[in-house]
Amino acid sequence: RLGQNRLFPVDRRIGVGIDLRINNSFSFSPSYYYRSGEDTRNRRDTEHRVRFDLNYSKKWSKVAVKNRSRIEYRIRNSRPDSVRYRNKFTFSVPIKKGDNEVFTPFVADEIYYDFRDQEFSRNEISAGISKKLSKLISAEFFYLHRTNRSGTIRTINAVGANFKIQLR
């Protein structure tokens, strides 16, 4: 993510996870995530996140819904560690040409609950498109609007991309 009113990278992230399919609708996804950020100039924060997701997804011919429930343990270098619950609901509509999916527009809303502070701390609304690039690789391009309940930065608007590689 670029920020500080200039073309300066203020947020760098990398992660790895696996999806364990329980049945056609449910999966369990443990993952690890590393973040290095500089939201405030000259103040670098790093953290490790251990996450456990329970995912529900259902596709029909014209629409799809997903719900992800996540417990996230954050090991932070400059602040106390924390545990958060995050729930993300996504609604998507695949655009098809014949039987082939061209791309899929989506909208999503994610709420955050912080157990240490005992409050709902953040809400993120996003909209974008996802596209299968091959059988095993997909990409998402999106706009995100984040509202924080506290902190020095209360509102963030961002444009982002996620790339996913599926191993069989």
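1. Strands, as named in this note, are DSSP runs of E that hold at least two residues and are numbered from the N terminus. With that in hand, Gln118 can be placed in the loop between β10 and β11. The model is a predicted one, and the points below should be read with that in mind.

2. On confidence, the chain has a mean pLDDT of 90, and 92% of its residues reach 70 or more. Confidence is lowest in strand β1, residues 2-3, where the mean is 56, and it is highest in β8, where the mean is 97.

3. As to the overall build, the secondary structure of the chain comes to 13 strands and zero helices. The C-alpha trace spans about 50 × 35 × 30 Å along its principal axes. The radius of gyration is 17 Å, which agrees with the value near 15 Å that a compact globule of 168 residues would have.

4. On surface and contacts, 31% of the 168 residues of the chain count as buried, and the accessible surface comes to about 11200 Å², with 58% of that area belonging to carbon and sulfur atoms. Among the contacts in the chain with a separation of 6 or more, 38% are made by residues 24 or more positions apart.

5. Strand β10, residues 100-114, pairs with strand β11, residues 119-132, in the antiparallel sense and over eleven bridges. One of the bridge partners to look for is Glu119 in β11, which faces Asp114. The hairpin of β10 and β11 has four residues between the strands.

6. Within that hairpin, Gln118 deserves a separate look, since its phi is near 55 degrees, a positive value in a residue other than glycine. Is Gln118 buried or exposed? Its relative accessibility is 63%, and because the cut-off for exposed is over 50%, Gln118 counts as exposed.

7. Strand β11 also runs antiparallel to strand β12, residues 137-148, and eleven bridges join the two. Here the bridge partner of Arg122 is Asn148 in β12, and the hairpin that joins β11 to β12 does so through four residues.

8. Turning to charged side chains, the structure holds twelve salt bridges. One of them joins the side chains of Glu110 and Arg86, at 2.7 Å from N to O. Glu110 lies in strand β10 and Arg86 in strand β8, residues 82-92, so the pair ties together parts that are 24 residues apart in sequence. Glu110 is buried, with a relative accessible area of 3%, and Arg86 is buried as well, with a relative accessible area of 7%.

9. Glu124 forms a salt bridge with Arg146, in which the closest N and O atoms are 2.7 Å apart. This pair links distant parts of the chain, with Glu124 in strand β11 and Arg146 in strand β12, 22 residues apart. Both Glu124 and Arg146 are buried. Elsewhere, salt bridges that share partners join Glu47, Arg49, Arg68, Glu72, Arg74, Arg84, Arg86 and Glu110 into one network.

10. A further salt bridge is formed by the side chains of Arg116 and Asp117, at 3.6 Å from N to O. Arg116 counts as partly exposed, at 44% relative accessibility, and Asp117 also counts as partly exposed, at 40%.

Definitions and conventions. Residues are numbered from 1 along each chain as its sequence is written. This is a predicted model: local features need pLDDT of at least 70, side-chain atom pairs count only at pLDDT 80 or more; totals for chains, interfaces and linings use all residues. Side-chain values use heavy atoms; hydrogens and water are left out. Two strands pair if DSSP finds at least two bridges between them. Buried means under 20% relative accessible area, exposed over 50%, partly exposed in between (1.4 Å probe, protein chains only). A salt bridge is a side-chain nitrogen of Lys or Arg within 4 Å of a carboxyl oxygen of Asp or Glu. pLDDT is the predictor's confidence in each residue, from 0 to 100. The radius of gyration is taken over C-alpha atoms; the globule rule is 2.2 Å times the number of residues to the power 0.38. Contact means heavy atoms within 4.5 Å. Accessible areas come from the Shrake-Rupley method with a 1.4 Å probe; for residues, only the protein chains shown count as cover.
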